[in-house]
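Have the model open in a viewer with a selection prompt ready. The stops below go from the surface to the interior and then to the charged pairs.

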Amino acid sequence: EFDFIVKNISSDLKDGVRLCHLVNVLSAAAQEDTTYDGCYQYDLIKSNLLRIPAVSRLQKLHNVGLVTKTLKELGVSVPVEDKHIVDGQQSSTLLLLWIILFEFDLKFMVSSDKIESEISRIN
């Protein structure tokens, strides 16, 4: 079984497997595509296309490429090269993470009421 926990952004995401899982989970949550037991049934990126374990650089590039290709197919601008993610460049990895988070409009993570209350508290 694959461990999806991320402890180090640069090293844990460079094989693309966790990034694919993130896109699948967030896209399913955004679509509210769950079964009665809460399991996600929506795979934007098909798991059988992933190379697991991704040992070689070519396998890692394939997995990361699935993520960037899927985002581009959704009309998202992805100004990050796959090789930078595979090389563990933290700035590129963080940029890709932010792009993924913004793409799936994560209203389910933080309610607008909480955001408004925080803004008014700061002002």
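Select Leu-94, Trp-98 and Phe-102 and show their side chains: the three form a nonpolar patch on the surface. Together they have about 370 Å² of accessible area. The model is a predicted one, and this area is a computed value. Leu-94 is found in helix α5. Its relative accessible area is 33%, so Leu-94 counts as partly exposed, the class between under 20% and over 50%.

Next, go to the interior. In soluble globular proteins, nonpolar side chains tend to be buried together. Select Leu-19, Val-67, Leu-71, Leu-96 and Ile-100: of the 21 residues in the largest nonpolar core, these touch the most other members. Then colour α2 (17-31), α3 (57-73), α4 (82-86) and α5 (90-103), the elements that give two or more residues to this core.

Keep Leu-71 selected and display its surroundings. Which residues does Leu-71 touch, not counting those up to four places away in sequence? They are Val-76, Val-78, Leu-96, Ile-100, Glu-103 and Phe-104. Two of these, Leu-96 and Ile-100, also appear among the core members that touch the most others.

Move to Thr-68, in helix α3. Is this residue buried or exposed? Thr-68 has a relative accessible area of 3%, and it is therefore buried, the limit being under 20%. Leaving aside neighbours within four places in sequence, Thr-68 is in contact with Val-78 and Asp-82. Val-78 is also among the residues touched by Leu-71.

Now turn to charges. Side chains of opposite charge can pair when their charged atoms come close. How many salt bridges does a search of the whole structure find? It finds three.

For one of them, select Asp-87 and Arg-57, whose closest N and O atoms are 2.6 Å apart. This pair links distant parts of the chain, with Asp-87 in the loop between α4 and α5 and Arg-57 in helix α3, 30 residues apart. Asp-87 is partly exposed, at 41% relative accessible area, and Arg-57 is also partly exposed, at 41%. The two side chains make a polar contact as well, listed at 2.6 Å.

Stay on Arg-57 and expand the selection. Leaving aside neighbours within four places in sequence, Arg-57 is in contact with Lys-83, Val-86 and Asp-87. Add Lys-14 and draw a C-alpha to C-alpha distance to Arg-57: the two are 9.6 Å apart in space and 43 residues apart in sequence.

Lys-83, one of the contacts of Arg-57, leads to another salt bridge. Select it with Glu-81: their side chains meet at 3.8 Å, N to O. Glu-81 is partly exposed, with 44% relative accessible area, and Lys-83 is likewise partly exposed, at 39%.

For the last stop, select Lys-69 and Glu-73, whose side chains meet in a salt bridge at 3.9 Å, N to O. Both residues lie in helix α3, four residues apart, about one turn of the helix. Lys-69 has 51% relative accessibility and Glu-73 has 57%; both count as exposed because the cut-off is over 50%.

Key:
Residues are numbered from 1 along each chain as its sequence is written. This is a predicted model: local features need pLDDT of at least 70, side-chain atom pairs count only at pLDDT 80 or more; totals for chains, interfaces and linings use all residues. Side-chain values use heavy atoms; hydrogens and water are left out. A nonpolar core is a set of buried Ala, Val, Leu, Ile, Met, Phe, Trp, Tyr and Cys residues joined through side-chain atoms within 4.5 Å. Buried means under 20% relative accessible area, exposed over 50%, partly exposed in between (1.4 Å probe, protein chains only). Contact means heavy atoms within 4.5 Å. A salt bridge is a side-chain nitrogen of Lys or Arg within 4 Å of a carboxyl oxygen of Asp or Glu. Patches are made of residues with over 30% relative accessible area and no salt bridge: like charges are joined within 9 Å, nonpolar side chains (Val, Leu, Ile, Met, Phe, Trp, Tyr) within 5 Å. Accessible areas come from the Shrake-Rupley method with a 1.4 Å probe; for residues, only the protein chains shown count as cover. A polar contact is a pair of N or O atoms within 3.5 Å; within protein, one must be able to donate a hydrogen and the other to accept it, and residues adjacent in sequence count only if both atoms are side-chain atoms.
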